[in-house]
Amino acid sequence: MTGVRGGGLDDETLQRLRSRATQLLLKEDWREYIAVCSRIVDGAAADRRVLCSALAHRADARARLGDSAAALADCEAALAADPVHLGALLSKGKILRGLGRYALAADCFRAAALAAGGGCGADEARELFEQCRRLEAQARSGAVDLSEWVLAGFAGKCPDLAEYVGPVEVRRSARGGRGVFAVKNVEAGATLMMAKAVAIGRGVLQDTTDGGEKMVVWKDFVDRVLDAAEKCPRTAALIHTLSTGEERQDDLVVPEMALFRQELEGLSLTDDTNMVMQGTREVLDVDRILKVLDVNCLTEDAPAADVLGNNGVVNCGVGLWILPSFINHSCHPNARRTHVGDHAIVHASRDIKAGEEITFPYFDVLVPVSKRREASRAWGFECRCDRCRFESEDFTLKQEILKSENDLVNGGDMGALVVRLEEKMRKSMVKERGKAFLRASLWSAYSAVYDSDKLVRKWGRRAPSEALVAENIADAVGGNENVLRAMLRGSKDANGCGNRLEVEDKVVRIGRATYGKVVKRHAMRALFRLTLDANNNVKV
Ligand SMILES: C[S@@+](CC[C@H](N)C(=O)[O-])C[C@H]1O[C@@H](n2cnc3c(N)ncnc32)[C@H](O)[C@@H]1O
């Protein structure tokens, strides 16, 4: 005779359901798997052991589908029945880790390690406990070291990263709407924030890819954002804080910083924030999300972005990162971002003073002011940064700037252009910052000279050295790969840039401003090699 479980499942049925669940698990058919687990849960109410493991398994599957709230509810139900259930503790810890609640996750893994004793699961629990402690420290300090991974040639899984909100605050910006501001002085290279994407769309595209494949990546990405917003009220609330591009700038609400911190529960939020958290499900429709994505998506191959660890694969990567979405554009930027897996790390690309607005370039800023104006209009705004104002309003230089831009378009001897511009700047006593702005704008003329042995022979003595120009631009426009490459090349004959040690220091400084302090000095050399090897059309 077969035994009958309290809730009505006999042994034979239970065995059948378990075999079915194993098949579905192997096929990763999570929806069916959840349905089978639910049948076991419903039928095994009186058998605590069976009930708890079915709940823990269902929690795992629900978490895989992104339904963290339902997954956590399953874990709580299992732990209410058996507070030291190993599977439920591990599942709960993993879900909390995924939500960035590292301290609570570490508590679960500690309890799981104790529950496992020396037996099966103990090593995994201890390892997860250590990982969550590391992530918790990262989330507090932002201290990350990617050096080992870089030195290993980005082999293996990319390092685990936490979310981090550094010394920054969202405030009203003079550019209109909101912007992100430094709340204390920040050194070039320092991490300002680390954000995990709400969702990412990636495709490995051929060089010849047409728009169709990109559309598939985009559609897939949009579906993921919609899914994430539907399943998680916090994600929906965060998306709701972003601009759709249709509001009056003055109507845009400045969100509380607490909203961006993962350890949201436990913090006291103002009524405004609570209202945002509670009221978003109703107002966050597909149409609104699409508009938000239009204004706020970042692409991995954009200017001011480095992707670490893609090992040269041609990638089309688009994503939504909430806090970085509040960063405005400037042609005189002070920040860059590094993409590691699904995380965007934003760092200072030059020294930033407390109170200064954090900006990164939305488009290539090593081009003349007229081109930048076109690009900002395509984005739907008029850039009025100090560099744009200097280049469009300085009366003494206006003619020279126009002529240089024309020469650039029409081709010809770029050496003559560079020497004439340098002469004009010298005569007009343009300050170092102004020189940097103009050299950055006419960067393609300068690099055409440095790239050509013939032009260097012809104009080299009258044009400033490559390293000197690179250093000058990096001081004003911030470190970036083009400037770094020029500094690396120019440092071999860095006349005017100091002795060997001084030049080496300058190279490292620009390297740090370009890649951030997440890569230490000894590992930066590997990135320098990649920078030098990269083909010439690498982004800013
Ligand atoms: C990713 S959002 C940046 C945050 C936005 N300011 C807000 O309040 O939500 C991009 C939008 O910000 C505005 N923006 C960004 N940089 C700007 C700039 N330099 N000048 C004027 N508007 C800018 C534009 O409306 C742009 O479409």
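Let's start at Ile 40. Which residues does Ile 40 touch, leaving out those up to four places away in sequence? They are Leu 9, Leu 14, Leu 17, Val 50 and Ala 54. Keep in mind that this is a predicted model.

Now step back to the core. Ile 40 belongs to the largest nonpolar core, which has 143 residues. Ile 40 is also among the residues with the most contacts inside that core. The others on that list are Cys 37, Leu 55, Phe 109 and Ala 112.

Next, the sheets. Strands of a sheet pair through backbone hydrogen bonds, either parallel or antiparallel. Take the sheet with the order β2-β3-β11. It is open, it has 3 strands, and its pairing is antiparallel. β2, residues 168-172, and β11, residues 357-358, are the edge strands, and each pairs on one side only.

How many bridges join β2 to β3? There are 5. Two partners to find on your screen: Arg 171 bridges to Gly 179 in β3, and Arg 172 bridges to Arg 178 in β3. β2 and β3 make a hairpin, with 5 residues between them. Look at Gly 176 in that turn: its phi is positive, about 110°.

On to β3 and β11. They pair over 2 bridges, again in the antiparallel sense. Here Phe 181 has Glu 357 of β11 as its bridge partner. Why is β3 described as largely enclosed by the rest of the structure? Because 4 of its 5 residues are buried.

There is another open sheet of 3 strands, in the order β5-β8-β6. Its pairing is antiparallel. The edges are β5, residues 199-204, and β6, residues 298-299. Each of these edge strands pairs on one side only. β5 and β8 are joined by 6 bridges, and β8 covers residues 315-320. One to look for: Ile 200 has Gly 319 in β8 as its bridge partner.

Last stop, the ligand. Around it are 19 residues. Which of them come nearest? Gly 177, Arg 178, Ser 243, Asn 328 and Phe 381. We met Arg 178 a moment ago, as the bridge partner of Arg 172. β3 and α12, residues 286-296, each supply at least two residues of the shell. By class, the shell has 11 polar, 6 nonpolar and 2 charged residues.

So where does the ligand lie? Domain 2, residues 164-358, gives residues to the shell, and domain 3, residues 369-533, does too, so the ligand lies between them.

Terms used. Residues are numbered from 1 along each chain as its sequence is written. This is a predicted model: local features need pLDDT of at least 70, side-chain atom pairs count only at pLDDT 80 or more; totals for chains, interfaces and linings use all residues. A residue is near a molecule or strand if its C-beta atom, placed from the backbone, lies within 6 Å of it. Ala, Val, Leu, Ile, Met, Phe, Trp, Tyr, Cys and Pro count as nonpolar, Asp, Glu, Lys and Arg as charged, and the others, Gly among them, as polar. Domain bounds come from an automatic or database domain assignment. A nonpolar core is a set of buried Ala, Val, Leu, Ile, Met, Phe, Trp, Tyr and Cys residues joined through C-beta atoms within 7 Å. A residue is buried if 20 or more other C-beta atoms lie within 10 Å of its own, exposed if 12 or fewer, and partly exposed in between; C-beta atoms are placed from the backbone. Two residues are in contact if their C-beta atoms, placed from the backbone, lie within 7 Å. Two strands pair if DSSP finds at least two bridges between them.
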